[in-house]
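Colleague: Got a minute to walk me through this one? I'd like to start with how strand pairing is defined.

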Amino acid sequence: MRIVITGAQGQLGTELRQVLRGHQLTALDLPDFDLTNPDCGGTIVAAAPEVVIHAGAHTDVDGAERNPALAMAVNADGTERVARAAAQVGARLIYISTDYVFDGEGTRPYVETDRTNPVSAYGASKCEGEQRAMACCENVLVIRTAWLYGLQGKNFVKTMLQLAAERPCLKVVADQRGCPTFAEDLAGMIGQLVTHPVRGVLHVTNEGHCTWHEFATEIVRLSGHRVPVDPITTADMPRPAKRPAYSVLSAERLHHLGLRMPSWQDGLKRFMKALPAPSSPVL
Ligand SMILES: NC(=O)c1ccc[n+]([C@@H]2O[C@H](COP(=O)([O-])OP(=O)(O)OC[C@H]3O[C@@H](n4cnc5c(N)ncnc54)[C@H](OP(=O)(O)O)[C@@H]3O)[C@@H](O)[C@H]2O)c1
């Protein structure tokens, strides 16, 4: 199958290239492929793909709050360009979206049909991206995922491991709940969905949920560091962008398709095993 991947150098894109290596891949990313370039769709059309997996995005949540126009340009306008190109060549579009399209006021896992109401510029730009994807391309699957971490790039798990090695104590927010997701597991599921006829919106995260504090506690425990992890509130750690307090995504629709993701604890264990050992200090 001919498949285009945008954001191919990112956390998810890197895993997608690995999972889909048996296909005819066109891997696109900055600097050669820029979603803000009005002509970027031409690169996709030229590859004549059967499937376009659009993982490229401006993912800096606090940065987007400072520069919402850039977030919109990449995540909404860029997605429209990708969707129009996919439609032009009759390709199926798989757009990767986020739990941050929800406001987090809910108290039970969000299902795909729940009302979106983003509370950050990043969430708003991704939500607009969903609308544009569905408006510009008929054959679309929007996959909402959450709290993504992979071997490539920066993420919460790597930050916690670094801080656990450097600091006597960690302080982590305990009043935001979500679904940590290992990029390798998500890529594996997308690998299955590439040949599945499902359309519309689909929530895909590792199974189960936790707070950032519970997640950090498990990371530190698995790492063997003996640093205490203290719970704090969101108010104790002001950030430019507001985050949803509760953004657990329901796996019900995925289960109805006969598919299931591993638990977040299992994903984390395999991620930690796959991490390269820290280099020994040179004496
Ligand atoms: N990370 C999360 O926690 C999370 C949670 C839910 C959903 N998602 C969604 O999942 C998808 C994959 O996320 P990820 O964590 O793999 O993100 P990532 O590691 O930041 O990868 C995104 C890729 O897109 C590229 N990109 C940024 N601006 C671009 C532009 N103007 N033109 C073309 N490419 C551009 C980035 O390049 P640079 O690195 O050079 O900027 C990067 O290689 C994204 O759509 C994201 O919104 C992520």
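Modeller: Sure. Two strands count as a pair if DSSP finds at least two bridges between them. Bear in mind that this is a predicted model.

Colleague: OK, so which residue is the bridge partner of Ile 143 in β10?

Modeller: Leu 202 is the partner of Ile 143 there. Strand β5, residues 140–145, pairs with β10 in the parallel sense, over 4 bridges.

Colleague: And what order do the strands of the open sheet come in?

Modeller: The order is β2-β1-β3-β4-β5-β10, 6 strands with parallel pairing. At the edges sit β2 (24–28) and β10 (200–203), each pairing on one side only. On average, neighbouring strands are turned by 20° against each other, ignoring direction.

Colleague: Which strands does α1 touch?

Modeller: α1 packs on the sheet and touches β1 (2–6), β2, β3 (51–54) and β4. Its direction makes about 160° with that of β1.

Colleague: Switching to the ligand: how many residues surround it, and which are the closest?

Modeller: There are 26 around the ligand, and the closest are Gly 7, Gly 10, Gln 11, Ala 57 and Leu 148. Two elements, α1 (11–19) and β4 (92–98), each give two or more residues to that shell. α1 gives the most, with 3 residues.

Colleague: How many of the shell residues are nonpolar, polar and charged?

Modeller: The split is 11 nonpolar, 12 polar and 3 charged.

Colleague: What about the largest nonpolar core, which residues have the most contacts inside it?

Modeller: That core has 77 residues, and the ones with the most contacts inside it are Val 52, Ile 53, Ala 86, Leu 93, Ile 190 and Ala 216. Take Ala 216: leaving aside neighbours within four places in sequence, Ala 216 is in contact with Met 160, Leu 170, Val 172 and Val 229.

Colleague: Ile 190 is in α7, right? Why is helix α7 said to be largely enclosed?

Modeller: Because 8 of its 11 residues (the helix runs 183–193) are buried. Ile 190 is one of those buried residues, and Glu 184 and Asp 185 are also among them.

Colleague: Last one, Val 119. Where is Val 119, and is it buried or partly exposed?

Modeller: Val 119 lies in the loop between β4 and α5 (121–136). Val 119 has 18 C-beta neighbours inside 10 Å, so it counts as partly exposed; buried would take 20 or more.

Colleague: What does Val 119 touch, not counting residues up to four places away in sequence?

Modeller: Asp 103, Gly 104, Lys 242 and Pro 244. As for Leu 257, Val 119 is 30 Å from it, C-alpha to C-alpha, and 138 residues away in sequence.

Terms used
Residues are numbered from 1 along each chain as its sequence is written. This is a predicted model: local features need pLDDT of at least 70, side-chain atom pairs count only at pLDDT 80 or more; totals for chains, interfaces and linings use all residues. A residue is near a molecule or strand if its C-beta atom, placed from the backbone, lies within 6 Å of it. Ala, Val, Leu, Ile, Met, Phe, Trp, Tyr, Cys and Pro count as nonpolar, Asp, Glu, Lys and Arg as charged, and the others, Gly among them, as polar. A nonpolar core is a set of buried Ala, Val, Leu, Ile, Met, Phe, Trp, Tyr and Cys residues joined through C-beta atoms within 7 Å. A residue is buried if 20 or more other C-beta atoms lie within 10 Å of its own, exposed if 12 or fewer, and partly exposed in between; C-beta atoms are placed from the backbone. Two residues are in contact if their C-beta atoms, placed from the backbone, lie within 7 Å. Axes are lines fitted to C-alpha atoms, for helices over the stretch in contact, and angles run from 0 to 180 degrees between N-to-C directions.
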